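Biologist: I've got a model open and I'm not sure how to read it. Could you walk me through a few features?

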Amino acid sequence: MHITVLGAGAGGTAMAFDCASHGHDVRLFDFEQFPANVAKIAEQGGIHAEGDISGFGSIAYSGHDIDEALKNAELIYVVGPAYSTEPFGEAVAGKLSAGQTVVVSPSSCGGALAFKRAAGLELQDDAVRVAETSTLHYAVRLTEPGKIRVFLKLKAGNLLAALPGKHTGDILDLIADVYPSMEPAGSVLQTSLQNANPVIHPAVTLSNAARIEMTGGDFLFYEDGVSDSVGRLIEALDNERIAIGEKMGVRILPDPEMGVRQGYMLEANYGSGYRKAPGFQGIGAQPQLDHRYINEDVGYGLVFMSSLGQQVGVATPGIDAIINVASIVMARDYRAESLRTPATLNIAGLSAEELGSL
């Protein structure tokens, strides 16, 4: 199959490697402001990987020409943080063809909706099938340009939903050779809410703010950063996320429970579960507070959840407190920026029932 991966960060590089290792013809694209990894992959003709999946995967194209990257594409993966989804959608606007399939991974709260809007596709238009996953399928880091270390490829617990949902099964069949453990979700609101990064990363970051600033992040984010009290803060946010899902008829698993299913964690609790998680061991803290763990996970994730809670009538005092504290600490108003909300995704007028069945 001809596969295009948009996004050459660690996640996109891992996905490109994995698909290539399964015999697919893979083309990799990223914007010109991210040249190093793309250039090295082009130079060496592929990607080196070590860890849970390893070897060398040949890549047919690695570069900044979107038309060349999309050549003969049957399946397109959009891989990156929330703030990359709309730019990738805009880059392919007018260039997609009927019969193609796009998978946004991870959703990062409303990813399929955001991509469709940026690409100029109507919400229920299924000439181009668009889906999203609840999380990235890998714990992975770029160790140097053209080389990745994969700490974990998920064995379970990654959900996929198409928009509209009638195509979910067919898309799962399409990607089953590389991702046999991917699971169907009931709707894109389930995949969006099941991603727990917004309830984990900001809570741990703000609880360790002075430590990050004073040491440049010289500590282990989970092993050193999640004390039992920090775990209780994560749990409070997680309970609000779960309540929003319940109001829409969408079942959201508690993050430690999902973490055990995915293979990240051994214990389904909010304290030592993170500290002792095999999938999180050795992951260092970010070097500064100005980082996606706040800018993305608050600005896109928690603001989206708070706005969704207001829309369906679920109070989110813990989430709102984190948004407020993050805005003070970072001297910016994340709620006023409204980077991703039901309004920006054109779903602000929908009822809880309608949202749950998207």
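Biologist: Which residues of helix 2 are buried?

Modeller: Keep in mind that this is a predicted model. In helix 2, residues 35-44, the buried ones are Asn37, Val38 and Ile41. Looking down the axis of helix 2, you'd find those buried residues within an arc of 100°, so they line one face of the helix.

Biologist: What do the buried residues of helix 2 pack against?

Modeller: Their partners are helix 1 (10-21), strand 2 (25-29), strand 3 (46-51), strand 5 and strand 9 (138-144). Right after helix 2 comes Gly45, with a positive phi near 80°.

Biologist: Now the sheet. What is the order of its strands?

Modeller: Strands of a sheet pair through backbone hydrogen bonds, either parallel or antiparallel. Here, eight strands form an open sheet with mixed pairing, in the order 5-2-1-6-7-8-11-12. Strand 5 (61-63) and strand 12 (183-184) are at the edges with a single partner strand each, so one side of each has no neighbour in the sheet.

Biologist: How many bridges join strand 11 to strand 12?

Modeller: Two, and strand 11 (residues 159-163) runs parallel to strand 12. Within that pair, Leu160 sits opposite Pro184 of strand 12.

Biologist: And where is Ala348?

Modeller: Look in the loop between helix 16 (334-337) and helix 17 (352-356). Buried means under 20% relative accessible area and exposed means over 50%, so Ala348, at 43%, counts as partly exposed. Setting aside neighbours within four places in sequence, Ala348 contacts Gln311, Pro342 and Ala343. Ten residues along the chain from Ala348 is Leu358, and their C-alpha atoms are 13 Å apart.

Methods: Residues are numbered from 1 along each chain as its sequence is written. This is a predicted model: local features need pLDDT of at least 70, side-chain atom pairs count only at pLDDT 80 or more; totals for chains, interfaces and linings use all residues. Side-chain values use heavy atoms; hydrogens and water are left out. Two strands pair if DSSP finds at least two bridges between them. Helices (H or I, at least four residues) and strands (E, at least two) are DSSP runs, numbered from the N terminus. Buried means under 20% relative accessible area, exposed over 50%, partly exposed in between (1.4 Å probe, protein chains only). The arc is that of the directions from the helix axis to the C-beta atoms. Contact means heavy atoms within 4.5 Å.
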